[in-house]
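Hello,

Please find the structure below. My notes on it follow.

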Amino acid sequence: MFGYTRLADIPPDYVRTGWPALDDLRYVGTSKDIRFEYYDDLTALPALMIREDSWFDAAMDGCVCAPALTVTNGATLTIEDGITLTFDEDLIVEAGARLNVGTGVELRFAPGKRIVNSGDFDADGVVFTPDLSTSGWSGIRYEPGSTGTMSGSVVEGVSGWGSFDVRIINDSPTITGSHIRDSAAPSASGGMYVTGSNADPYLFQNSISNLTSYGVVITGLASTRLRTNSIVNNTGEGLLVGAFSEALVYGENTFTSNTRDGIEAARGQVYLGRYYYPTGGYHADGYNVIEANGPHGLYARNQGFIGA
């Protein structure tokens, strides 16, 4: 029997740093042999795969996930309340997978990295922010056919030319009570971009502000419902609707202090102060505030339409 009092005294052959792991345990063949993959250091892999229901709890608080992290089809990853995690690569949710993020969680992302959701992504009271405030990150992307809800959350500090905090492609998430804000410089990044003929997200009681491009863009045959949102102090249009798309701007939205038009319809349609009931048609539903934008509060061009 022998021992060492200092790490430096241990012969290198006796030391294994990192996270040794068994991965992808499975039955093989009719005899049901068990096979698996062994890794000396799980953190050194180019990607981490979550193949079974898993959770990150208080023991993970402050950890850095260096490889890309993918939640695979059929698996659920739950990030429990109140912890902070940093991602050096993308966080990916595959089709058929689920990501649940708890209240008080802060997720930080390295420059150019993002969340890509093709499954189901739910966040309640979460802060999504760059790891380096001077460099920004690349935001949240909802892929076609995905689902999800975001409530009471913050998405901030996205950077890049033509980037958006939240990009929705042929998908219809519900986003409520959240703050989409504060582009990281230098950039021309907007708040929300919605595209695709199957896209119909619902935006309720959100603040979309202080962005170096558009507040909300709806294009590519998409439809979006907005109610009681504040879209203010953005460098581009507050709301831009184009390419045969439609915005139902229900009551109590505010569009103020946007450097360009408050609302612009460019080959798209904007309906102000209307609420759609499937069995009863359109009904009046309160007032919107559109003021102190420039050069126009409301502007329709290229066969665009704005009606109330």
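**Notes on S178 and the two sheets**

S178 has 1% relative accessibility and therefore counts as buried (under 20% relative accessible area, with a 1.4 Å probe and protein chains only; exposed is over 50%, partly exposed in between). This is a predicted model, in which local features need pLDDT of at least 70 and side-chain atom pairs pLDDT 80 or more, while totals for chains, interfaces and linings use all residues. Residues are numbered from 1 along each chain as its sequence is written, and side-chain values use heavy atoms, with hydrogens and water left out.

S178 lies in the loop between β19 (174–176) and β20 (179–181); strands are DSSP runs (E, at least two residues), numbered from the N terminus. Its side chain reaches the backbone nitrogen of S153 at 3.1 Å. Beyond its neighbours within four places in sequence, S178 is in contact (heavy atoms within 4.5 Å) with M150, S151, G152, S153, Q205, N206 and S207.

One open sheet has 10 strands in the order β5-β8-β11-β14-β17-β20-β23-β26-β29-β34, with parallel pairing (two strands pair if DSSP finds at least two bridges between them). β5 (64–65) and β34 (289–291) are at its edges with a single partner strand each, so one side of each has no neighbour in the sheet. Within this sheet, β8 (84–87) and β11 (106–109) pair in parallel over four bridges, and T84 has E106 as its bridge partner in β11.

An open sheet of 11 strands, also parallel, has the order β4-β7-β10-β13-β16-β19-β22-β25-β28-β31-β36. Its edge strands, β4 (54–56) and β36 (305–307), each pair on one side only. β4 runs parallel to β7 (76–79), joined by three bridges, and W55 stands opposite T78 in β7.

Regards

How values were computed. A polar contact is a pair of N or O atoms within 3.5 Å; within protein, one must be able to donate a hydrogen and the other to accept it, and residues adjacent in sequence count only if both atoms are side-chain atoms.
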